[in-house]
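Please examine the fold shown here, beginning with a strand pairing and moving outward to the chain as a whole.

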Amino acid sequence: MNDKNVVIIGGGLGGLFTGAILAKEGYRVTVLEKNATIGGGLQTFRRMGEDFDTGMHVIAGMRPGGTIRRICDYLGITPQMQLRDVDDFCADELFFLEDRATYRIGCGRQGFVDSLVKSFPGCRDELTTYVDALYRMTGAIDLFNLRPAPSVLTEMPPQALMAADAFIAQYIHDPRLRSVLAYMNPLYGGQAGRTPAYVHAIVSVLYLQGASRFVDGSSHTADLLAKVITDNGGLVLPHDAVTTIDVEDHEVKAVTTKSGKVYHADTFISDIHPAALFHLIHGKAFTKAYTERVKQIPETISAFSLYLKMRPASFPYINHSVYLMSRYDDIWNFSREDRPWPLGLLMMTPPVSRQQPWSSKVLVTVPMRFSQAEQWADTLTGRRGEDYEQWKQQRARKVLAMVEQRYPGFSANIEGMVTASPLTIRDYYGTAGGGIAGFARNCHQILDSHLPVVTKVRNLLLTGQFVNLHGFCGVPLTAINTSEALLGLNAVVNKINGDQTKS
């Protein structure tokens, strides 16, 4: 061993990106993953002769010059990534059941405004000012723009910490248009009066710049990140969960896995839910006040998913995402206990190599509160009982009834179906409540859900979606923060920018 040995607990997106960066910069990295498949939200599974993505289906920031693409360029994986850009004239389609109105959202600042002006002809100036405000907000965040920062503290403009719905209302007067502009909030678990404007702005700007889809499944990208690690002398070891973390005098001495292997390193990095991390630690590490605070941070909403195999030549391939919403007024209400279910859903047809005009599979994701499945919380995957299976089938019928309102006759074209509930997400991703977007951010108590990558345990760092932002856009940025805790402030950012002389 040498003083550049790093053990990463968890082989999700955060662990793989952090591991790839450190491996590229000379560290010997070992990634320990509990599941048989690495990747977290990048995992895929095969059913009914089809490969299905479990979490990430569409990514932003991968167009030329995009923030995430620049990180992937630095890692050398961009040329091997199998991606297909969505249609620029319609990156997303929204359909409201309330008035059967359809909105097709274009890419680019001008394309975005022009596409919405078709439905809201008197709002061009408001939309232009709103988009300018989004870019102004994200433009002030150094890490989002991969600019060298003066300190590890992220500077935010004042508007960034107001509620996202209030931020939109500041510029847009038409209530329907406000709801349309918030259509992506299921991607980040948005809540009225709570979700900070910067979360909405970052996601919106990334997708405004153009989105892309994984071709033939998202797991290929996880494999590319793992290859960066192994090509640089590291190890990626699936199906060997860490069972104990031994801490003495606020320092990790070793970790032990379920196979009985013991791993020593100079630095340890956790890519798992903080509550799961606390459960593994033996010895004095964190104060009770800290652990209790972290355990009390609410997660974002979970989801119920349908993985559908379609009959041959029965449903077209659609090169954009389709959002179905019930009512304009409910766009921020997905997390509320007093609202009916489902309020809305996201559906898409994943691309494959040599894509034909027809799609062989459809994915449907519906925001769902964990409480709806909580009565089976103590059961195990595959052994939850017949009542659980019946409950899933009943929920699936409700979802398909909503889809039928947009695509009449859709259900008759389904050849096979697999369903997944919040319990599935909890168990496979290791989240406490099946949250799909990490911790729920509260603009009124922003520090309560903020976890620095550096901990009170001297050689233990954090990474992943529970630290800062979630998803394929946020987690790689957090991986830079975590890596620079070892490499030095701006060390990775300067490499990405091709300038290794700045500090």
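I245 stands opposite I281 in strand β15. Strands here are DSSP runs of E with at least two residues, helices are runs of H or I with at least four residues, and both are numbered from the N terminus. The model is a predicted one, in which local features need pLDDT of at least 70, side-chain atom pairs count only at pLDDT 80 or more, and totals for chains, interfaces and linings use all residues. Residues are numbered from 1 along each chain as its sequence is written, and side-chain values use heavy atoms, with hydrogens and water left out.

The strand β11 covers residues 242-248 and runs parallel to β15, to which two bridges join it. Two strands are taken to pair if DSSP finds at least two bridges between them. Besides the I245 position, D246 stands opposite H282 in β15. Strand β11 is also joined to β12 (residues 251-257), here by six bridges and in antiparallel fashion. I245 has V255 as its bridge partner in β12. The connection from β11 to β12 is a hairpin with two residues between the strands, and D249 in the turn has a positive phi of about 50 degrees. These strands belong to an open sheet of four, ordered β13-β12-β11-β15, with mixed pairing. At its edges lie β13 (262-263) and β15 (281-282), each of which pairs on one side only.

A second strand environment is that of β7. Which residues does β7 contain that point one way, and which the other way? D92, L94 and F96 point one way, whereas E93 and F95 point the other way, and all of them are buried. In a regular strand the side chains alternate between the two faces of the sheet. Because five of the five residues of β7 (residues 92-96) are buried, this strand is largely enclosed by the rest of the structure. Buried denotes under 20% relative accessible area, exposed over 50%, and partly exposed in between, using a 1.4 Å probe and protein chains only.

β7 has pairing partners that differ in direction: five bridges join it to β8 (residues 101-105), which runs antiparallel, and five bridges join it to β17 (residues 321-325), which runs parallel. Towards β8, F95 stands opposite T102. Towards β17, the bridge partner of F96 is M325. The hairpin of β7 and β8 has four residues between the strands, and R100 takes a positive phi near 55 degrees there.

The loop between β16 (302-310) and β17 holds P316. With a relative accessible area of 35%, P316 is partly exposed. Its C-alpha atom is separated by 21 Å from that of F96, 220 residues apart along the chain. Leaving aside neighbours within four places in sequence, P316 is in contact with T349, P357, W358 and S359, where contact means heavy atoms within 4.5 Å.

Two helical positions may be considered next. V117 is found in helix α3 (residues 109-117) and counts as buried, at 13% relative accessibility. Residues up to four places away in sequence aside, V117 touches R124 and L127. The C-alpha atoms of V117 and L127, 10 residues apart along the chain, are separated by 8.2 Å. L477 sits in helix α14 (residues 471-487) and is buried, with a relative accessible area of 7%. Its touching residues, not counting those up to four places away in sequence, are T67, I71, L143, F144 and L146. The C-alpha atoms of L477 and G14 are separated by 9.2 Å, although the two residues are 463 residues apart along the chain.

The view can now be widened to the whole chain. The protein chain has 15 helices and 21 strands. Of the contacts with a separation of 6 or more, 71% are between residues 24 or more positions apart. Of the 503 residues, 58% count as buried. The C-alpha trace spans about 65 × 55 × 45 Å along its principal axes. The radius of gyration is 22 Å, which agrees with the value near 23 Å for a compact globule of 503 residues; this radius is taken over C-alpha atoms, and the globule rule is 2.2 Å times the number of residues to the power 0.38.
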